[in-house]
Protein chains: 4
Amino acid sequence: MKNLNIGMIGYKFMGKAHTQAWARAGQVFSIDARPILHTVCGKTRGAVEAFASRWGWNHTSLDWREVVDHPEIDVIDICVPQYLHFDIALAALQAGKHVFCEKPLTLTVDQAHILSEEAQSRPELVHYVNHNYRRLPAVGLAKQMIDQGKVGRIYHWRGAYLQDWIIDPQFPLTWHLRKETSGMGPQGDLNSHSVDLARFLVGDITAVTCMAANFITQRPLPDEAASGTFSGTRDESGAVGEVSVEDAAFMLARFDNGALGSFETSRFAAGRKNYNSFEIYGSRGSLMFNFERMNELEFYSMDDPPEERGFKTILVTESEHPYMSGWWPPGHGIGYEHTFVHAAADFINAVVRGESIKPDFHDGLQIQRILEAGLESASRGREIKL
Amino acid sequence: MKNLNIGMIGYKFMGKAHTQAWARAGQVFSIDARPILHTVCGKTRGAVEAFASRWGWNHTSLDWREVVDHPEIDVIDICVPQYLHFDIALAALQAGKHVFCEKPLTLTVDQAHILSEEAQSRPELVHYVNHNYRRLPAVGLAKQMIDQGKVGRIYHWRGAYLQDWIIDPQFPLTWHLRKETSGMGPQGDLNSHSVDLARFLVGDITAVTCMAANFITQRPLPDEAASGTFSGTRDESGAVGEVSVEDAAFMLARFDNGALGSFETSRFAAGRKNYNSFEIYGSRGSLMFNFERMNELEFYSMDDPPEERGFKTILVTESEHPYMSGWWPPGHGIGYEHTFVHAAADFINAVVRGESIKPDFHDGLQIQRILEAGLESASRGREIKL
Amino acid sequence: MKNLNIGMIGYKFMGKAHTQAWARAGQVFSIDARPILHTVCGKTRGAVEAFASRWGWNHTSLDWREVVDHPEIDVIDICVPQYLHFDIALAALQAGKHVFCEKPLTLTVDQAHILSEEAQSRPELVHYVNHNYRRLPAVGLAKQMIDQGKVGRIYHWRGAYLQDWIIDPQFPLTWHLRKETSGMGPQGDLNSHSVDLARFLVGDITAVTCMAANFITQRPLPDEAASGTFSGTRDESGAVGEVSVEDAAFMLARFDNGALGSFETSRFAAGRKNYNSFEIYGSRGSLMFNFERMNELEFYSMDDPPEERGFKTILVTESEHPYMSGWWPPGHGIGYEHTFVHAAADFINAVVRGESIKPDFHDGLQIQRILEAGLESASRGREIKL
Amino acid sequence: MKNLNIGMIGYKFMGKAHTQAWARAGQVFSIDARPILHTVCGKTRGAVEAFASRWGWNHTSLDWREVVDHPEIDVIDICVPQYLHFDIALAALQAGKHVFCEKPLTLTVDQAHILSEEAQSRPELVHYVNHNYRRLPAVGLAKQMIDQGKVGRIYHWRGAYLQDWIIDPQFPLTWHLRKETSGMGPQGDLNSHSVDLARFLVGDITAVTCMAANFITQRPLPDEAASGTFSGTRDESGAVGEVSVEDAAFMLARFDNGALGSFETSRFAAGRKNYNSFEIYGSRGSLMFNFERMNELEFYSMDDPPEERGFKTILVTESEHPYMSGWWPPGHGIGYEHTFVHAAADFINAVVRGESIKPDFHDGLQIQRILEAGLESASRGREIKL
């Protein structure tokens, strides 16, 4: 079996999730090539080397350009924050590398547009934006049921992606909360996932209207050196800075198939940890999903006898379900990082087979357009057509 | 104990719900007067008389003006569709009667404004719009907890009132689906309840933006003579008519306390029967409610120890809960019509004590303003300030 | 329409529930006779008269024998604690009255046997033990689905009826906790309902084995004069007495169709208020019910496509469901006391039509046999065949 | 850091789960030694070698005695069916190896007794029975809360471990269904887990009473060569054999702290896939868990204000929770195999630190005693004291 050499840029939260994906994809699934943990790249020598040793990477690098240009490397895996995506992804494509990029694709529509065009011009390369929730078995099952017509004509999408990790006003001003490094607040970080799911399951979006809000405008500066984004370590100086992205964005949307939808995202929803949820209502049935119960999909069917209708909780842990035959016996649920294993397996097969994989950079561009239109709508107080 | 004579206009679904409320209020609760089922009024003699006989009304009438002017009658209870509210309510106030009116108050803001002014000029009269969900024990408990500060500063309201009773394209064009008789679609029928709850629990609304949709534009004419609004009996002629109200309305709102909210309503949400639901997120905690589980309230508290936090399902069936000491032992849930008993008891006490009761006609006016602003926003594609 | 005169013995918790049932049965349902609230009977003149006035009874009596013998009265409704059932029910049957009796039927198998034989000898009389949970729409739907074969061969019954109202060791020694007045603890009070449901839904029981427990052996004496069984008012003297019934009983059972089952009951299950629940597992499907969500029934079907199987939550609030066409529109749940309305309606129809109604005194006898066998098993440490 | 060489016997379902555990334990957690995938052992050369290649084992063996005696190997990991446990575990202890053994420990009490004594005589060796559910974060949290007194005096344990994978009468007679290879049916396979959890959380058991059942007595012979226990491939011959273990066992138990409990297990519970569940009721609170929602723990506290009490769903995915700080950010649930990673990490630390780890072979013996007492009770129709 062929080897595929991976070069991974970044090694924090996403670096761990991606590493285990490359390492496990070929154990759990029968895939067409063997991914090799060739090189991991980061800024701090000691930390990168410790990571490589612990997680099994063969080489380390302190310079992403060196990795991108390395002739042995086949795939560039981008795990750094989004303000670094554009330069790396563009260079990787230009160096002829397949690109597996974390989401959101870029900071701006303009950047995404350039990447999409570059990818378009290199049809031999596989490019992928890691909206990993598409590869949840429950979401895959939802897609399959929609394609089989079990939901019928779709009338409504109701998406909500809610978290509460910055609800403490003393949580520091990490890079997520500054426009120059994050581009957007939860509209980018979280609604990018929701919009990807909606486009996957319902279709494309033609118009949006939105309201956004900021609840806490100043925060203490963070101790960026402290490990762990979510630990909330503050800088000792006590200095504060301005939050320059929204804390919450509620967006309504019209789909090109006539459905009416909503996308509600906030980092101020007490009790919601990673509540990536949706409801889809159609003429023949309805579906509901919530990542906090990631092994379940709820389905209501108008085809059931009237007296027996109800929302059914499908435990999506059986060998009949997407991706599940590779895992455990009936009823043995999987966790968050398994979505990355699925994505890695699909990506590797796409590379070997010369196929594309979704969502790609063109999807990333369209998602970025929708999200920016939402924030523009919020600031101008009017509906924006796409 | 004093008697209060009730004159009820209308005797269909709401007539039954109101009758049992007047009959039972004084059994379950210790109230300040005894409501007497004096006169029920409708258009069809045989049907009204049968209703009166079955439900225990002392007299019948075929002319609402006669009831409104009857010197023995103290309270006019309006149970007819909303296009008839204005004339009856105005006449009742002018005749010096207390008014218990079904929702929504009127077809238009203009009508509501006149009623509100008339009520303002007669401080001795009690006027009430029956947004009955305020008087659910679970909602009362939510209000109490918010007032005690257990939710803290409110960041979000997420309301959804979803039904599916017209999802069949062959369901006929009942009065609910024609603008001249209903004023609005679910924005009026259902979101009027949601807006009432939001104003009760969160506060008033300062701006809205909205998208609406029509999925089925023509429907068979109904057999209006057939009993039962929801039975969907079609006219034999096979004739069709135009649906002139929205099928769904999704509205975003900014509250005067800075909270960001949503109100989503549809009659095309397969599987939702009477899903009047809300989520409230605040700095100290969150609340969730869904009428399909009307005896429950969910609460998340930031005051719990971090490792023990979670949404708690409070079974609102205990004697400590609002209105419940009048009912059954622990764990014995109540049903839909009990909200009407609570409203009747509160209304009677307000009349005897010379107090007001909420929501009143002024609230009805403000709700109507918000709902109309929503539809205006949907049609103009821009945010509307209130 | 014919009148049926009711004489009701007892006027506390059950007296209220029964009164509203007789009063409302003919409003909600089309029944074959009109029940008349003829006479209510109790020991304390003032209290009985106040009750009669508030709840609409025409006459009062202080002597149950007078009521039983009253020539105008057709039906004796027994709402007093179970230690009083036997004498009243026997006298009522002997006086030629139809009997609507609260559960459990008697204190002992011997008493139940006499009542069953007396009833047997008077086929013209209707006799009924009010295991009201049979007449929940959700339970009725379960029965219907079992009869239609949707569960297939039944393998398991898992019943649990859990409460926590005496978990405080200072809760007083009310009549429920003394063998001479209650016969048994929760094995009688609660498991009698579970056994009735199991016999209704699964079939009869052939053998049981059981363990029982007492957690609190002495309790303060109650202030019996204080209104409200569940208020827990203690006698001022501070005197204590012995608890002479079990606090919990866990019983296993074999059914005559080969199913293996369990019946678990306790008054020491913190958080359970009136958790009357069951699970039924069969070769084609499974059912689950829990009274704390009384408007829901869960159903799993092996007939669904493998990838779409799951427990479905049927909202049992639709006109297709047992008893529900009499109530409200879709999605408008009912409450605890509605089961009594259903029982009253069915009872009245049975009387008029000369039919029997289940569960009757013969069922009450068999239930009593099973419950006593359980306690005998617990005390002897061995399985008891029935 | 020291290396620990692992020799693993068996490579099917459990072999995969254990391999990923050894491989990942040191990535996710900071542990005291590095486990090395030294040798995997099985009967079929090609299959073992393919497994070793795919999952990263350095060597293979076809003879477990060779592995047990291999001087480089520190730990024997037993992943084969239980009829093979005794010989391997005994030899491993006698060879001075630490033993990580799948459950249930043995086929009989006698075997378990010998292993327990052998282990007792070699205090330098770590011995462990892999009741992995103890190491679920939700179960660890339950234990912590019980130890903190938050449940108070425990009154009840209600365990149910339900599956449905043999509900089809044509499912073949795999080794699980023959007494000589499995020892018991679900009483061994599933209730061993429940009894382990009950002993961990509540305490030891002093008496049991039980009923068991067989629903399908003959089944087709399996094609044992077919991969996948749960695939249900039948032998082509069409031959049938006798099921020699129970299909279901319902057992009641008395704990030495006075609690009354139940253990209900079946492989005929349609809709239950891996429903390992328990409820614990105590004087101050209650806990509920169900493996099908493995990232959740439900808790009811009597310490909450009366009007705010309810079962709280704790999402056990936060860094405050047992084992979770090694995994992902807030709200990112884990899956089944993570329990093995936790066990591997704890086991390695125990080996390096010279500590014991629970449950060990002494626990395995006691569990076996309880399970056998249950089946003896079922066959003799009487309670068995332990």
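## Two domains in chain A

In this predicted model, chain A splits into two domains. Domain 1 is the stretch 2-133, while domain 2 is pieced together from 137-293, 295-334 and 367-385. Measure from C-alpha centre to C-alpha centre and domain 1 and domain 2 of chain A sit 25 Å apart.

## Where the domains of chain A meet

How many residues of domain 1 of chain A are in contact with domain 2 of chain A? There are 16 of them, and they touch 20 residues of domain 2. On the domain 1 side of chain A, helix 1 (13-28) and helix 5 (109-120) each chip in at least two residues. As for chemistry, that side of domain 1 has 11 nonpolar residues, along with four polar and one charged.

## Chain B against chain D

Now for a contact between chains. Here 15 residues of chain B are in contact with 15 residues of chain D. Which element gives the most to the chain B side? That's strand 16 of chain B, residues 310-315, with six residues. Sorted by class, the side of chain B that touches chain D comes out at six nonpolar, six charged and three polar residues.

## Strand 16 meets strand 16

Strand 16 of chain B also pairs with strand 16 of chain D, again residues 310-315. The two strands run in the antiparallel sense, and the pairing covers five bridges. For a spot to look at in the structure, try Gly310(B): across from it, in strand 16 of chain D, stands Ile314(D).

Notes. Residues are numbered from 1 along each chain as its sequence is written. Chains are lettered from A and ligands numbered from 1 in the order in which they are written. This is a predicted model: local features need pLDDT of at least 70, side-chain atom pairs count only at pLDDT 80 or more; totals for chains, interfaces and linings use all residues. Two residues are in contact if their C-beta atoms, placed from the backbone, lie within 7 Å. Helices (H or I, at least four residues) and strands (E, at least two) are DSSP runs, numbered from the N terminus. Ala, Val, Leu, Ile, Met, Phe, Trp, Tyr, Cys and Pro count as nonpolar, Asp, Glu, Lys and Arg as charged, and the others, Gly among them, as polar. Two strands pair if DSSP finds at least two bridges between them. Domain bounds come from an automatic or database domain assignment.
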